[in-house]
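Me: I have a structure to go through at the bench. Please take my questions one at a time.

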Amino acid sequence: MGNPKAFLEIHRQEAGYRPLHDRIHDFGEVEQTLNTRERKLQASRCMDCGVPFCHWACPLGNKAPEWNDALYKGDWELAYRLLSDTNPFPEFTGRVCPALCEKACVLNRFNHEPTTNRENECAITEAAFREGYILPVADIVRNGKKVAVVGAGPAGLAAAQALNLMGYTVTVYEKNEAAGGLLRYGIPNFKLNKAILDRRILLLEQEGIKFRYGEAVDCDDTFAEGFDAVVLSTGTPAARDLKVPGRQLKGVHFALELLSQQNRVLAGMEFAKDVRVTAKGKDVFVIGGGDTGSDCIGTAHRQGCKSVTQIEIMPRPAEGPDDPQNPWPNWPRTLKTTSSHEEGCTRRWNINTLEFLGENGRLTGVRVQEIDWQPNPDGGRPLMVEKGKPEIIKAQLCLLAMGFLRPEHPQYAENVFVCGDAASGASLVVRAMASGMETAKRINEYLTK
């Protein structure tokens with residue numbers, strides 16, 4: 001390593017967010033970047049720790065010590081080559097990954113100041129695009145076999161890229177009007193500018209991958225017979241619903257109804273007034289304390305909401321940085337405050353939703369109940385018990401952000417391979433990409449055995 005003592009002399013420095021009063025008025029990316037000198041200093045903190053747990057923690061097996069060292073020494077091209085050896089789309093994970101590698105970083109165990117791997121990989125990739133290090137792979141030797149990829153989310157795109165580079169003729173079928181899956185239609189532009197997606201899709205097209213949009217494919221035996229192999233990467237399309245009285249009221253929506261529509265509006269699509277989901281001038285109520293709920297908060301602010309309340313049925317997480325009830329290597333259940341939370345939000349935990357209230361068919365409020373969790377004498381899931389009296393929270397827009405149901409699949413033909421969230425249920429972008437790459441290897445083994 002270039003500076004083996006850097007971790008003792010240089011503290012972790014994050015780029016941070018754009019000023020709140022500035023970012024709240026647009027959908028531009030909220031995260032800032034460090035200058036080249038500061039970024040190289042942050043990379044220098046990645047010490048020669050002997051056993052880099054970041055390798056193990058990353059689903060892609062990214063070689064953070066190697067590309068951090070190259071970045072520190074100023075060899076941006078080598079840093080990108082090392083990064084792209086394991087990560088097909090580091091510009092995506094550099095923006096939206098929760099950085100499992102940083103939770104496993106030895107410096108996180110040492111003083112809770114892990115190396116800024118996520119920001120570093122984003123900076124490396126942007127420099128690679130800017131300097132022209134990333135070019136479409138030319139003269140790929142075709143092997144005469146055809147593979148279909150159904151679903152153009154991160155898993156499907158990763159599988160398509162890997163198979164294409166192996167020499168297969170790849171066709172990607174996508175039911176929506178553009179590729180990206182939840183990267184495009186779930187994650188707001190203020191976290192991932194869609195020009196970043198378009199740039200990568202153009203590269204994949206230049207490398208020979210064919211995209212067919214607006215085609216919802218039924219992956220039956222007839223379809224599978226037309227290809228040597230099929231990748232089914234359709235994600236988790238069914239959101240978890242909340243079956244309580246008043247669910248049918250106008251103003252109660254799944255989170256993705258708001259998020260996907262807003263992203264389409266920013267892409268130039270127009271919606272009639274009666275189908276437009278907007279928070280403008282409304283009291284917004286978000287059910288679900290995860291990242292999707294946070295994305296709803298940030299979107300609601302940018303649309304001009306009056307107020308936002310977010311509830312979670314589970315207890316408030318520990319303040320951190322440690323979680324005594326859930327020590328490493330488990331994921332720490334600590335309180336997470338996002339850029340959207342900083343923009344203004346009432347957050348409450350241990351709250352159960354009882355009923356949606358309305359007038360003339362429109363939502364006016366939500367009746368909720370504070371609850372508590374008690375140990376189950378029979379073991380298993382703790383028991384939910386009421387605590388206090390029910391109350392009514394005023395709301396004209398309620399967004400359900402409670403996760404997604406794991407899809408069930410029929411028996412497919414032998415040459416059909418399921419990957420990503422379609423196989424595992426809702427998970428992380430980085431895990432979906434890893435699943436896509438692993439599926440590509442399995443298909444190659446299947447077709448060359």
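Some questions and answers on burial, ring pairs and a pocket follow.

Me: What kind of model is this, and how are residues numbered?

Reply: Residues are numbered from 1 along each chain as its sequence is written, and side-chain values use heavy atoms, with hydrogens and water left out. This is a predicted model: local features need pLDDT of at least 70, side-chain atom pairs count only at pLDDT 80 or more, and totals for chains, interfaces and linings use all residues.

Me: Is Gln42 buried or exposed?

Reply: Gln42 lies in helix 3 (residues 36-44); helices are DSSP runs of H or I with at least four residues, strands runs of E with at least two, both numbered from the N terminus. Buried means under 20% relative accessible area, exposed over 50%, partly exposed in between (1.4 Å probe, protein chains only). At a relative accessible area of 1%, Gln42 is buried.

Me: Which residues does Gln42 touch, not counting residues up to four places away in sequence?

Reply: Contact means heavy atoms within 4.5 Å. Leaving out residues up to four places away in sequence, Gln42 touches Ile10, His11, Arg12, Gln13, Leu34, Thr115, Thr116 and Asn120.

Me: How many aromatic pairs are there?

Reply: Rings of Phe, Tyr and Trp (its six-membered ring) pair if their centres lie within 6.5 Å; planes under 30 degrees apart count as stacked, over 60 as edge-to-face and the rest as tilted. By this rule the count is 10 aromatic pairs.

Me: How far apart in sequence are Tyr173 and Phe223?

Reply: Tyr173 and Phe223 form an edge-to-face pair, 5.4 Å centre to centre with 80° between the planes. Tyr173 is in strand 2 (residues 169-174) and Phe223 in helix 14 (residues 221-225), so the pair links distant parts of the chain. Tyr173 is buried at 7% relative accessible area, and Phe223 is buried at 16%. Their separation is 50 residues.

Me: Why is the pair of Phe417 and Tyr446 edge-to-face?

Reply: The ring centres of Phe417 and Tyr446 are 5.5 Å apart. The pair is edge-to-face because the planes stand at 70°.

Me: Which ring does the charged end of Arg247 sit over?

Reply: A charge sits over a ring if NZ of Lys or CZ of Arg is within 6 Å of the ring centre and within 35 degrees of the ring normal. The charged end of Arg247 is 5.0 Å from the centre of its ring, that of Phe254.

Me: Which residues lie nearest the centre of the second largest pocket?

Reply: 14 residues line the second largest pocket; lining residues have an atom within 4 Å of a point, on a 1 Å grid over the protein atoms alone, and a pocket is an open set of points where a 1.4 Å probe fits, with protein on both sides within 12 Å along at least five of seven lines. Nearest its centre lie Lys273, Asp274, Arg276, Lys282 and Arg362.
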